[in-house]
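Please open the structure in your viewer and keep the selection panel at hand, since this tour moves from one selection to the next.

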Amino acid sequence: MNQTIIGVLTSGGDSPGMNAAIRAVVRTAYYHRIPVYGIHHGYQGLIDNDIIPLTPTSVSNIINRGGTILKTARCKQFHDPEGRKKAYENLCHHGITGLIVIGGDGSFHGLHALIEEYPIKGLGLPGTIDNDLYGTEYTIGFDTAVNTALAAIDKIRDTATSHDRLFLIEVMGRHAGYIGLHTGIGGGAEGILIPETPTNITNLMQKLEEGAQRGKKSSIIVVAEGDEAGTVIDIKEHIERHTNWEVRISILGHQQRGGTPTGFDRLLASRLAYEAVLALLQGESDKMVGMINQTIVLTPLMETWMKKKPIDPANVTMADVLSS
Ligand code: F6P
């Protein structure tokens, strides 16, 4: 029987906790006497043969670090069969039989295509701050991103209160409102605009007006970057055209992707990566390793992007009640 050799890479947007996942892959494999290679810059490194052996010492002192020691990229070349052919040749060159990809749905598309074309096993670990993957309750990095955004929102609330201002705060999530909803609730926002729920700016302004009549002098509206009402700049212009409010905007941007991972993300990343190595050894492939209700769940990669993970409607209703 051929010996299992694992390759691990991080792909797409980085997320806090990716390093904890890499560490757990390497240490679990080492425990089972399985060699591990790290691939730099995601699929680009696979095509360019930028591949190095990893040992338990290579992953010392990284569990607490944001970003990814393996670097990451969004690789266009991997969309082409020619790119995947090169990648497979390099995997064979190192004798890699199982690939663990830490990333989001774009990265999983690539892994699935590779597995369909070549005799290689592969598993995905949900690594994205967006929390938008079907098959896991939480993705690695989401909790840290929410806490980073909350720290910023708390500070903005101080200045909003001092100046009696309305703030529109843009959080990440091109297609998903999880960060928006969770930071909006945690930050006590007066409004939360996310792509999963219809946005009506007129209703929002009416709600703010009612608040003002009750004596509310400042407000925070959290806006997911993917909201259908437009950007925070569009919404600011709209509100200023129709009211006398002094509106300020703050785009939190990429700070949400960095920073020390929270305890939750370190534990989640470690557990999922540990289970991924065990699952590969049991012959599992073409699946994502996720966690739902504290239970490890393996979901076919295709389902992770074809099925939509719904926003919890109870949270939406609660957010509305608490912000009134
Ligand atoms: O997918 C994670 C994410 O951070 C999204 O929330 C955001 O829209 C996007 O990546 C930004 O990507 P980039 O860093 O390539 O601009």
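Begin by selecting helix H4, residues 105-117, which, in this predicted model, gives the most to the lining of the largest pocket, with six residues. Then add helix H10, residues 301-306, because H4 and H10 are the elements that each give two or more residues to that lining.

Next, display the pocket itself, whose volume is about 870 Å³, and show the 40 residues that line it. To find its middle, select Arg74, Gly104, Asp105, Gly106 and Arg174, which lie nearest the centre of the largest pocket. If you colour the lining by class, you should find 11 nonpolar, 16 polar and 13 charged residues.

Where does the largest pocket lie with respect to domain 1 and domain 2? Colour domain 1, made of 6-141 and 261-306, in one shade and domain 2, residues 144-258, in another; both domains give residues to the lining, so the largest pocket lies between them.

Move on to the second largest pocket, which holds about 430 Å³ of space. It is lined by 17 residues, and those to select for its centre are Ile192, Leu193, Pro198, Lys207 and Asp320, the closest to that point. Strand S7 (191-193), helix H7 (201-213) and helix H11 (313-322) are the elements that give two or more residues to this lining, which divides by class into eight nonpolar, six polar and three charged residues.

Now turn to the strands, and select the open sheet of seven, which follow one another in the order S3-S2-S1-S4-S5-S10-S11 with mixed pairing. At its edges are strand S3 (51-54) and strand S11 (295-300), each of which pairs on one side only. As you rotate the view, note that neighbouring strands of this sheet are turned against each other by 30° on average, direction ignored.

Within the sheet, pick out strand S1, residues 6-10, and strand S4, residues 98-103, which pair in the parallel sense over five bridges. For a single example, select Val8, whose bridge partner in S4 is Ile100.

Finally, return to H4 and show it together with S4, strand S5 (121-126) and strand S10 (287-292), for H4 lies across these three strands and runs at about 170° to S5. With this last selection, the helix that gives the most residues to the lining of the largest pocket can be viewed against strands of the seven-stranded sheet.

Methods: Residues numbered from 1 in each chain as written. Predicted model: local features only at pLDDT ≥ 70, side-chain atom pairs only at ≥ 80, totals over all residues. Heavy atoms only, no water. 1 Å grid on protein atoms, 1.4 Å probe; cavity = no way out; pocket = protein on both sides within 12 Å on 5 of 7 lines; lining within 4 Å. Points joined across faces, edges and corners; volume = space filled by probe spheres on them. Helix = DSSP H or I, 4+ residues; strand = E, 2+ residues; numbered from the N terminus. Nonpolar A, V, L, I, M, F, W, Y, C, P; charged D, E, K, R; others polar. Domains from an automatic or database assignment. Pairing = 2+ DSSP bridges. Axes fitted to C-alpha atoms, helices over the stretch in contact; angles between N-to-C directions. Contact = heavy atoms within 4.5 Å.
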